[in-house]
Amino acid sequence: MFVTHTARRTLTGVAGVLVGHPFDTVKVRLQVQSVEKPQYRGTLHCFQAIIKQEGVLGLYRGLGSPLLGLTFINALVFGVQGNTLRALGRDSPLNQFLAGAAAGAIQCVICCPMELAKTRLQLQEAGPARTYRGPLDCLAQVYRREGLRGVNRGMVSTLLRETPSFGVYFLTYDTLTRALGCEPGDRLLVPKLLLAGGTSGIASWLSTYPLDVVKSRLQADGLRGAPRYRGILDCVRQSYRAEGWRVFTRGLASTLLRAFPVNAATFATVTVVLSYARGEEARPEGDAVPAAPAGPALAQPSSL
């Protein structure tokens, strides 16, 4: 049963990453592009420019990093969230938020280095001149130059982003599934779960998006030229001084476009794989087939 759940979580996470990664690549490039010499005029132009200059595969730069971290992050997030909720002793809205926040905080240990590699791979030059051959090579090079501090660059901003956003995600998802009446056996269960998951993903991103811009800028800092930022506050000051408050919404359209289909793909895959697993699993004659759980499944609201 554990193997079945692990495989299901991994497959659903892969589906979400494959659907959402092109949007994430566009988001990161918009967030960190130079205000003095901008390459892209907006979300659509960024998509078109990447495809024209680098082909469709350019949208999937850095894909290996989130794929490598999927199993570990999913195990941490849903293990911590479930155990925290049980430890709190009562399934209330506040406890849903606290359990989600705890899960978001713990998974930063893996999420931060993984996103550092992803961001740098998404931004590096294509072709033989590229600096990194893949996520592990990227982290190895950063470690050799900067040590553990370099590998964990952006950890505080990641923690400030992920902790409340996961709390908002699980709280919103729980509230919506209850409001929509997501009960086992409901013929509209899957559409309701898709709606709840997609909406919750959007809510979680909106709750902390400016911090994601800061995180991306800190992790990309020094990739092309000398480092510019001394820390989170300095990044906020310099970014605001150069571009005003709109800088903290850079790439938001791409992120919101990504949030719903990622969660939709995730929940759809959960349903398909779960149905297949139940059809294949041998059971003693007369045993009832358990109904599908209506609680949180595997929607991943981070930048995976």
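A good place to enter this predicted model is Gln 81, whose side chain makes a polar contact with the side chain of Gln 96, at 3.5 Å. Gln 81 sits in helix α3. With a relative accessible area of 7%, Gln 81 counts as buried, because the cut-off for burial is under 20%. Helix α3 covers residues 64-88 and also holds Val 77. The relative accessible area of Val 77 is 1%, so this residue is buried too. Along the chain, Val 77 and Phe 166 are 89 residues apart, yet their C-alpha atoms are separated by 9.2 Å.

Stepping back to the whole chain helps to place these residues. The chain contains 10 helices and zero strands. Read from the N terminus, its elements therefore run α-α-α-α-α-α-α-α-α-α. The chain has 304 residues, and 48% of them count as buried.

Helix α1, made up of residues 2-32, is the home of Lys 27. Is Lys 27 buried or exposed? Its relative accessibility is 1%, which means that Lys 27 counts as buried. The side chain of this lysine makes a polar contact with the side chain of Asp 212, at a distance of 3.0 Å. Lys 27 can also be related to Thr 43: the two are 16 residues apart along the chain, and their C-alpha atoms are separated by 7.8 Å.

Thr 43 leads on to helix α2, where it is one of the buried residues. The others listed as buried in α2 are His 45, Cys 46, Phe 47, Ala 49 and Ile 50. Helix α2 spans residues 43-54, and a simple check can be made on its length. At 1.5 Å a residue, its 12 residues should span 16 Å, because the expected span is 1.5 Å times one less than the number of residues. The end C-alpha atoms of α2 are 16 Å apart, which agrees with that expectation. Just after this helix comes Gly 55, which takes a positive phi of about 80°.

Charged side chains offer another way to read the model. Side chains of opposite charge can pair when their charged atoms come close. How many salt bridges does the count come to? The count comes to 16 salt bridges. One of these pairings joins Glu 54 to Arg 61, with the closest N and O atoms 2.9 Å apart. Glu 54 has a relative accessibility of 24% and so counts as partly exposed, whereas Arg 61, at 15%, counts as buried.

A second pairing links Arg 133 with Asp 137, and here the closest N and O atoms are 3.4 Å apart. Arg 133 counts as exposed because its relative accessibility is 68%. Its partner Asp 137, in contrast, has a relative accessibility of 15% and counts as buried.

A third pairing brings together the side chains of Arg 250 and Glu 243, at 2.4 Å from N to O. Arg 250 is buried, with a relative accessible area of 14%, while Glu 243 is partly exposed at 23% relative accessibility. Elsewhere, salt bridges that share partners join Asp 24, Lys 27, Glu 115, Lys 118, Arg 161, Glu 162, Asp 212 and Lys 215 into one network. Lys 27 and Asp 212 thus appear again, as members of this network as well as partners in the polar contact described above.

The final feature is a pocket, the second largest, with a volume of about 620 Å³. Which elements give two or more residues to the lining of this pocket? They are α1, α2, α8 (189-220) and α9 (232-243). The lining of the second largest pocket comprises 28 residues. Nearest its centre lie Val 32, Gln 33, Ser 34, Leu 123 and Arg 224. By residue type, the lining divides into 10 nonpolar, seven polar and 11 charged residues. Helices α1 and α2, met earlier through Lys 27 and Thr 43, are thus both among the elements that contribute to this lining.

Conventions:
Residues are numbered from 1 along each chain as its sequence is written. This is a predicted model: local features need pLDDT of at least 70, side-chain atom pairs count only at pLDDT 80 or more; totals for chains, interfaces and linings use all residues. Side-chain values use heavy atoms; hydrogens and water are left out. Helices (H or I, at least four residues) and strands (E, at least two) are DSSP runs, numbered from the N terminus. Buried means under 20% relative accessible area, exposed over 50%, partly exposed in between (1.4 Å probe, protein chains only). A polar contact is a pair of N or O atoms within 3.5 Å; within protein, one must be able to donate a hydrogen and the other to accept it, and residues adjacent in sequence count only if both atoms are side-chain atoms. A salt bridge is a side-chain nitrogen of Lys or Arg within 4 Å of a carboxyl oxygen of Asp or Glu. On a 1 Å grid over the protein atoms alone, a cavity is a set of points where a 1.4 Å probe fits but cannot get out, and a pocket is an open set with protein on both sides within 12 Å along at least five of seven lines; lining residues have an atom within 4 Å of a point. Grid points are joined across faces, edges and corners, and a volume is the space filled by probe spheres set on the points. Ala, Val, Leu, Ile, Met, Phe, Trp, Tyr, Cys and Pro count as nonpolar, Asp, Glu, Lys and Arg as charged, and the others, Gly among them, as polar.
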